[in-house]
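Reader: I should like to learn how to read a protein structure, one feature at a time. Would you guide me through this one?

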Amino acid sequence: MTSPFFSVIIAVRGQTDYLKQTVAHLKKQSFTDYELIIITDQDIDQSDPTQIAPAFKRNLAASKSKGKYLAFLDDDSYPDQNWLKNAHQQLSDSPNLAGICGPCLTPKEDDLFQQVSGLVWQSHIGSGGAGVYRNSISPKRFVDDYPSVNLIIKKSFFQKVSGFNTNFWPGEDTILCLDITHRLKQRILYHPDVFVYHHRRAVLIPHLQQITRYALHRGHFARIFPKTSLKIGYLIPSAFLIYNLLLIFFLILKPHYLP
């Protein structure tokens, strides 16, 4: 039996409406040479905290996979109809690529508060320089850091770096890309045609909680993984937040400056 070209992997806690939507869109793919592997908490030993982490579940799914390429999705994302077709085209044209990734767009059906969150993620101020091309259609480029919400990696390279580092969450995808691009000296291509839709956390509290978690891990990674995380763009959101907090504090102390 011929092995599939892609193994689509989704790590989840359990069944959700978003996951049902993801599976429905996968069934509509114009390229059908793939298998789907969904790993839930019910598939692991929940008494071991390390196994609950998404990195562990993705590694477990990868060990069971038969595809040449591992295509990672989050359960709150769903692919464009030609997602795998376009990825296959690029990977076939450039078989030496270690992987491919693409934009994560805000779905039209997301509500106003989610749409605002999406606009923040696409801005330089809201998410740093990387947020612009990660969350909107942008020119193709090579990247050394990309989230696993839309990341396709050649299985042979995934195995060479022992998969995701299970000691980190979030940030396991950052380490995976770092190992592949810097340790193995391989390339990951960002291509605008390989896009998915990613449901956003509504502003204000859920969005801030998510950004805070990412900011803390990025600050830690800037110290221990400076090759990919010590970048000016990643400092912009925090600097903007500090500026606004200081401005509010100043205006409280000096209200006569208000118009």
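**Strands and their partners**

Author: Let us begin with one pair of residues: V8 has L36 as its bridge partner in β2. Please keep in mind throughout that the model is predicted.

Reader: In which sense do β1 and β2 pair, and over how many bridges?

Author: In general, the strands of a sheet are joined by backbone hydrogen bonds, in a parallel or an antiparallel arrangement. Here β1 and β2 are paired in the parallel sense, with six bridges between them.

Reader: Which side chains of β2 point to the buried face?

Author: The side chains alternate along β2. E35, I37 and I39 point to one face and are buried, whereas Y34, L36 and I38 point to the other face and are not buried.

Reader: Which strands pair in the antiparallel sense with β10?

Author: Strand β4 runs antiparallel to β10 (residues 196-198), and three bridges join them. One contact point to locate is P79, whose bridge partner in β10 is V196. These strands belong to an open sheet of three strands with mixed pairing, in the order β4-β10-β6. Because β4 and β6 (104-105) each have a single partner strand, they stand at the edges, and one side of each has no neighbour in the sheet.

**Helices and their faces**

Reader: How many helices and strands does the protein chain have?

Author: The protein chain has twelve helices and ten strands.

Reader: Which residues of helix α1 are buried?

Author: The general idea comes first. An α-helix has 3.6 residues a turn, so residues three or four places apart point the same way. In α1 (residues 17-26), the buried residues are L19, T22, V23 and L26. Viewed down the axis of α1, they fall within an arc of 95°, so they line one face of the helix. D17 and K20, on the other side of α1, are exposed.

Reader: What covers the buried residues of α1?

Author: The cover includes the strands β1 (6-11), β2 (34-39), β3 (69-73) and β4 (77-79), together with helix α4.

Reader: Which residues of α4 are buried?

Author: In α4 (residues 83-93) they are W83, L84, A87, Q90 and L91. Their arc around the axis is only 130°, which puts them on the same side of α4.

**Salt bridges**

Reader: How many salt bridges does the structure hold?

Author: There are five salt bridges in the structure. In one of them, the side chains of K57 and D41 meet at 2.6 Å, N to O. K57 belongs to helix α3 (residues 54-64) and D41 to the loop between β2 and α2 (49-52), so this pair ties together parts that are 16 residues apart in sequence. Residues count as buried under 20% relative accessible area. K57, at 3%, is therefore buried, and D41, at 10%, is buried also.

Reader: Which parts of the chain does the pair of R58 and E172 link?

Author: The closest N and O atoms of the salt bridge between R58 and E172 are 2.9 Å apart. The pair links distant parts of the chain, with R58 in helix α3 and E172 in helix α9, 114 residues apart. R58 is buried at 5% relative accessibility, and E172 is buried at 3%.

Reader: How far apart in helix α9 are R183 and D179?

Author: They are four residues apart in helix α9, which means a separation of about one helical turn. Their side chains meet in a salt bridge of 3.7 Å, N to O. R183 is partly exposed, with a relative accessible area of 48%, whereas D179 counts as buried at 17%. Elsewhere, salt bridges that share partners join R58, D74 and E172 into one network.

**Surface and loops**

Reader: Which residues form a nonpolar patch on the surface?

Author: The patch is formed by L112, F113 and V116, with about 300 Å² of accessible area together. L112 is part of helix α5 (residues 112-121), and its relative accessible area of 62% makes L112 exposed.

Reader: Where does S162 lie?

Author: S162 lies in the loop between α8 (155-160) and α9 (172-183). S162 has a positive phi of about 65°, although it is not a glycine, and is exposed, with a relative accessible area of 61%. K185 also lies in a loop, between α9 and β9 (188-190). The phi of K185 is positive, at about 60°, although it is not a glycine, and K185 counts as exposed at 63% relative accessibility.

Methods
Residues numbered from 1 in each chain as written. Predicted model: local features only at pLDDT ≥ 70, side-chain atom pairs only at ≥ 80, totals over all residues. Heavy atoms only, no water. Patch = residues over 30% accessible without salt bridge, like charges linked within 9 Å, V, L, I, M, F, W, Y side chains within 5 Å. Areas by Shrake-Rupley, 256 points an atom, 1.4 Å probe, with all protein chains shown as cover. Salt bridge = Lys/Arg side-chain N within 4 Å of Asp/Glu carboxyl O. Helix = DSSP H or I, 4+ residues; strand = E, 2+ residues; numbered from the N terminus. Buried < 20%, exposed > 50% of the residue type's maximum accessible area, 1.4 Å probe, protein only. Arc of directions from axis to C-beta. Contact = heavy atoms within 4.5 Å. Pairing = 2+ DSSP bridges.
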